[in-house]
Each structure stands twice: as structure tokens, then as C-alpha cells.
Amino acid sequence: MTSASDHRKRNTFTSYVAPPAGDVSSLAPDDEWCLPGDMRDVHLAKPRLLPNELVVASAPAFLYPAISPIDTSLDAEDVKGSKEAVFGLLSVTNFKLAFVPLQRESSLSTISSLAQEHLLLSRNDITLNNIDQIYQIAETGKAVSALPGNVGRRKKKLDGQQKPMSGRIAALHIICKNFRLLKFAFQYSKGGRDWGKQITSALGRFAFPTRHDLSFAYCYQEPYYSTLSKSAVSMYMTKNDWARELIRCGTSNWQVISSESEPLLQHTRLSSRYTLPPHFVIPKACEVEKFLNLSLAFCDSRAAFWVYGYGNASLVRLAELKPSNQQDTTREENVMLEIVRAANDRKSIHLLQLTDRLPSILDVQKAYEKLRRVCAPESPQHFSVEDSKFLILLEKSNWLFYVSLCLRYSCEAADKLKEGWTCVLQESNGRDLCCVVSSLTQIILDPFYRTIDGFQSLIQKEWIALEHPFQRRLGQIRQIADSNGPQEESPVFLLFLDSVWQLLQQFPEEFEFSQTYLTTLWDSCFMPIFDTFQFDCNSDRFRAVKDQQLILRPVWDWSEQFLDKDKLFFSNPFYQKQKTEVPCRRSMAIPAGGIMLPGLARPPPPNLLSQQRSTISPANFVAQSSIPKDRYIQPDHRMPSLAIWEQCYYRWMPILEIKRGGFPQVELQHRLLLSNISKLQRCLDLQEFDDLPDIYYELTKEPKPMAEQQPQQQVPITPELIDGVERRRRVSLPATAVAALTQDGVCSVLPEISSFFPFSVNTGETQQLNDILSSSHEFLLEGSIMDRLSIA
């Protein structure tokens, strides 16, 4: 602690060249710029720190918008293009890169309240895991443009194996994995201090870890208390989770195998030959030992794993055979396919080889980098050049083409399953694009996976339990610069999320979650505090818990990151929940004294009840699927039907924002309409018409009944049940919203938000937005993420 305190003292600054008044004129025109002249001002600029988070380096800096050029002279009389720059304190910690503007908190309160508020990060903070590339800009003149190819400018890339460039570093360009571009400029210090080099050195040491135990997750030892209900998200970390899925799908020809119960996988010398997940599902007709011996011939020991059942058909994932010099290399593959064929009642099997039909992980990475260059230009010149040929550059990136291919073969797999064919997805290692196609296939067929709980359970099953290598694909750990290994970084998960977004655009009424949920999920991939997307396999996760005392926190516990007002945007107001649909996400475990439902086996004898509570056996249940066969969707995978995911890729581009426009404005209007419809329906159901929406009186010109002024005796309120659901009682709208309704009509209630809301930074009437989303108590958010208690 002493060294950290001394280090912070050495970084304390006392005076700066005053920034021009135009820097903050748009935000605080009446406020006087206060320079940090003493320790009190430094304390005000201190970043918000989590427990065990330490500041490594701090420096005064200017934050520029992503599309603005940087002026490194920073003289008050010469600065002309820095009116949008914000002056503040830039800090590097062992968790994030934080920028704290040196302004009064009141001047930024309006902006921050309109944006998505994160409990762990401020608006100008990014985690170190989110940093993809760092470019150092040397001081070569008064103006340094961000446009590549400019003469007289030195720009050098920084990674973990390189030292900062020689000479004074005047600016830094930080490119993030979520398409965000941050530009920081450092002014000249009369004491000869190179603030840019100090920040660059700290980033070089902490932003590119080469070992996983260097992550901040191992330092963050705060206890975790889960708020997730047991029936919400199936984690697929136990044998019972897989057994429940077999029962839900009505599958009887497959069985769940646990690695800890197999002697061959627990053998000291032989267990190292296998790289199997803790639990997996294999054909019941095949002996476990035979299956394990056959799996040694496949990459990563990924033999035929069952993942989903649709009627009598099954969806199976299979890796390719290991490279071998033997002539008869396909014998094991043919034997495995025959075993899978025998598990299908119709003996029909369809092999879908994804390696030859879908791009490689290297192709996905190249497409991602090209797409990011197109969607995140670094200067007005760069934007102008790329905007003139945007569609050409977008097509050359091949990103949407790869999305189209994933949807195409997912539709093919879904059609085969509907026809009763068992579909086998084969890929090199069975852990990359197999996850994409398998997940999309289940979303197309099963409405449960189009809910929030179902979608999170699907990711747990296909990506976490079956071990997609997130650590390597997302670059959580950087390879050594001189290593000759293959390039393994590739955003396969983003390709999947983009494909899901395309389905959401084509079928908005079929998905419970919104695009804001998908965008937030992509951002959460770079939160090291949550272990969901931080490991390659579950054995590494369990080893970290045992050896390093890592505390596991699933990312699905959104209360750890957001307040309820922010989680409201995760639900899709266009979603139409089927009233006759039985929530299939509920646990199949029968409570003590419970009545066995139709379609299940008879209750076991009392002496066997305690034994079956510990482990669920699908053999004790009748093989009857609970998946509806008429709720599948038929997406269009052709290129003309696809679009660019604007919210995720353009949200850091203020120049592209549309005030009072775009899909978010339509969504808010839809929420308001649903709220009024719910009010009318409630009045009809209760036959009480004193609670009609205000718009009714505006359209009919009828006088609105006034509330009685005399105090009434409090009567105990009995719950109101409509369709078996308790409705919340009406709470009057605030006076600001009522005045807006009566004066300018319904449209005036909607705030001035942008097309990238809630990731926007423009101002508006925040109170009106809260009135629509929070005070519309008649609009019941039916969904798995909001339970009855949270909306009462």
C-alpha cells in the first residue's frame, strides 16, 4: 500500500495550460473551468475504483470524439479544431482504462442519465480486456490527423512485447473489440514529463496479459450472492441439467455420461488423453468404453455429442478425425456415424460438413477487422472516403455473407430435423462454427430458446458446457509475439449474435429479448469479473477455483451490472407470448407431496424417492416431447434480406445518430401504445371505467372525472388476477407527463432520444422517459427476466 501511495503522489500534477473556453461551451456554458491546482481537485478527478482495484498510472489528457482530428499543440490561442475535446484525468488501473472529465457532476448528469448506466464502469471507462489495438502518435507538428497515410506523422502499434516508441508521445488511438475508438491527446509539460509515454507503458504492461491468472478476476475477491432463480437459467453444469433437457425433448435413445463417474476418465495416466467436458450425451446403445476409445480418433476427443431432439430426430455435433498417416482413417468415423444412425428410429441421418461450407476462424477474423474499419472511421476524411463506397467495402468484408451462410445451413439443419432426419454437424474441432449453426437451428425450431431464459440456457449448453474456446477466440490472453502458433483469435460469438439479430429483425414478435440485450451481451464478453466468457474449457475454470480461489460469477445475473431501469430495455415490447404455452423452462423435479403430471411416469415407490431426488433418470419418464411443432420460424437467409447491425456497430459514431428517429423511437411508441391498451383491457375486465388512459379523454372530448378530495378510509387491497396473473395497481403519471399529454398530444411524451438509444450521448427529457418505462404500471412485462415481485 505504501508503494501505491507513493506512486500516486509522484503522478500528482499541480498546474496545466488552460484549455479554451469552447471545449465545454456546449455542456456547461455558464460554468467556469476550474483547473486542478491542489490536491482537492485531484481528488475530484479520481476514478471510481472497485475493491482491490489499483491505479497504475494517471495523466491529464484531452478526450476527442472518434471522428474528430487531434490537435497536439493544445495552445489556447492556436486551438481551432478542439472545441469538442474534453479535458480530464486519464488513469490506467489493473481492471480498466478510465477517463474522468474535470467538470462539475451536474453538467454531465443529463447525459449519463439518458445512457445505459453500468454499475461497474463509468461512461468513459473501458475494461483492459476490451482493448484490441493501441497506436502511439508521435509529436511531429501542431496538427496530427488520424487519417492513415498522412505525410510527416509517426504512428506505431503497441503490443505487450514492445516498448513505447522513442520521443514524446502526443496522442493515443485505442481501438476496442466492441467497435469503440478512443482518442487521447497529451499536452506538453513544462517539467519535461511525457504523460503519453507514462500511460502507454502502463497499458503495455496490463492490457495484454499472457497468463490468465493476471486477470483482474483473481484480484476481485468480493463474495457473490446469486439473485438468479433456480428455474431461470439452466447452467448445464450437472448431470440433472442434461437429463431435464432429454426429458423436455422426449429423447429416449441417448444417455448422459459424467466424466467424474467413469474410471477411464479418472485414471491418472489415461485421463490426459481426453479433452472431454464434465457431462455429455452419447447414444444409449453404445458402451461407454467403446465410445471413449473411438473419441480418441477425433480432434479434441469430440465424438458424436447429442445437443437437441426434435421428435424422433436428434441434432448431433461431431469433430473431424485427427490427421494421420494411416490409410484407413475413416473407419472410426463410419463406425461413429452408424452408432448415431442406430439411435434414430427411422435410421435416417444427414451429415452436414461445415468445414467445407463455412468460413474458417481466420476468415471470420479478417472479415471482422474489415467490418470494424468500415464502421469505425478515425477522421472526417476517412469517413468521407469510406462513405462514398460504403456498400462496396461492406461487401468486400464478407461479414454479411458469412452471416448468410450460417443462417442458410441452420435452416437446412432445421428442415432435416422437421422431416425426422438426425442431423450431424461436423467441423474441424466441433467447438466453433458448430456452436453457431447448432444454436441457430434450435432458435429456429424451439420458441423456448427465443425467450431470455431460454436463450441464456442455450448459450450455457452450446457454448459454455460444450466448451467453445472463448479465451483464445476473444483474445482474453495474448499470444507471445515470437510464437509460431496459428492465429486463434476470431469473434465467432459475435457472428452468432449478429445472426440472431437478423432473426430478430425478421420476426420481432417471436423474441422476448431486444437488440439492446444482444449488444449488452457482446459488451459483457470483456468483463473479466464474470467467468462465463473467460475460459476455454470447464477444467480450466474448476482449476482456477481450486488453485487460485477464483469466485465464479455468471454474467446472467444482470443485477450485478445494471439497475432495474436499465434491465427494462432487455425485454422486447413487440414480443407476443402465447397464452396457451406452458413455460417449459420450469424444473422437472417433482416436489415432495406433488402430483405427477400427465405424460410422465408414475411416482416411484417411497423407498426410491430419496435416491431419485439426487439424480434424474430420463428412463423413468415417458418419451413425450414438450416442444411445440407449430412454433418454428422460417427465416430468409438471402443477402438482400440482411442488414447491418447499426446499434452494435455504429453506436460510437455521433455523426450517424438520428434525433427522434430510428428503431428505438418506434419501440418507445410501441411501449406507450401497449401501456394504453393494457389500461383499456384492465378497465374492461374489472368493469371500472374511472381509470381510462388520458388519450381516451383527448380523443372523445369527454371530461375526465376528478379524484375525490375527501380522505377515505384505507381498505385492505386484494390482489387483482387477470388470466392468473396479478396486475399492478395504477399509479398516477407525474405532472410533467400529464402536462405534455394535454398540451401537445401523445408524441410529446416521447423524449428526444437517438437511433442508438440507450447507448446514445445526446440530451433530452429524462423524466418523460422514466414515465413511459417505469410509471406505466398497467403494462405488465410478462417474461422470464421480470418476475411478479419485481413489477408489483
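This passage looks at salt bridges and one helix contact in a predicted model.

A search of the whole structure finds 28 salt bridges, and a few of them repay a closer look. Glu245, Arg248, Asp446 and Lys461 are linked in a network of these interactions. Within that network, Glu245 pairs with Arg248, their closest N and O atoms being 3.2 Å apart. Both residues belong to helix H5 (residues 239-249), where a spacing of 3 residues places them about one turn of the helix apart. Arg248 also meets the side chain of Asp446 in a salt bridge, at 2.9 Å from N to O. This second pair links distant parts of the chain, since Asp446 sits 198 residues away from Arg248, in the loop between helix H13 (433-445) and helix H14 (452-465). Arg248 counts as buried because its relative accessibility is 5%, and Asp446 is buried with a relative accessible area of 0%. Glu245 is buried too.

Another salt bridge joins Glu467 and Arg302, with the closest N and O atoms 2.6 Å apart. Glu467 lies in the loop between H14 and helix H15 (470-473), and Arg302 in the loop between helix H7 (288-295) and strand S13 (305-310), so the pair ties together parts that are 165 residues apart in sequence. Glu467 is buried, at 4% relative accessible area, and Arg302 likewise counts as buried at 4%.

Turning to helix packing, the axes of H12 (residues 399-418) and H16 (residues 492-506) come within 10 Å and cross at roughly 75 degrees; the two helices are therefore roughly perpendicular to each other. Residues making the contact include Trp399 and Tyr402 of H12 and Leu494 and Asp498 of H16. The contact residues divide into 9 nonpolar, 2 polar and 1 charged.

Definitions and conventions
Residues numbered from 1 in each chain as written. Predicted model: local features only at pLDDT ≥ 70, side-chain atom pairs only at ≥ 80, totals over all residues. Heavy atoms only, no water. Axes fitted to C-alpha atoms, helices over the stretch in contact; angles between N-to-C directions. Helix = DSSP H or I, 4+ residues; strand = E, 2+ residues; numbered from the N terminus. Parallel < 35°, antiparallel > 145°, perpendicular 65-115°, else oblique. Contact = heavy atoms within 4.5 Å. Nonpolar A, V, L, I, M, F, W, Y, C, P; charged D, E, K, R; others polar. Salt bridge = Lys/Arg side-chain N within 4 Å of Asp/Glu carboxyl O. Buried < 20%, exposed > 50% of the residue type's maximum accessible area, 1.4 Å probe, protein only.
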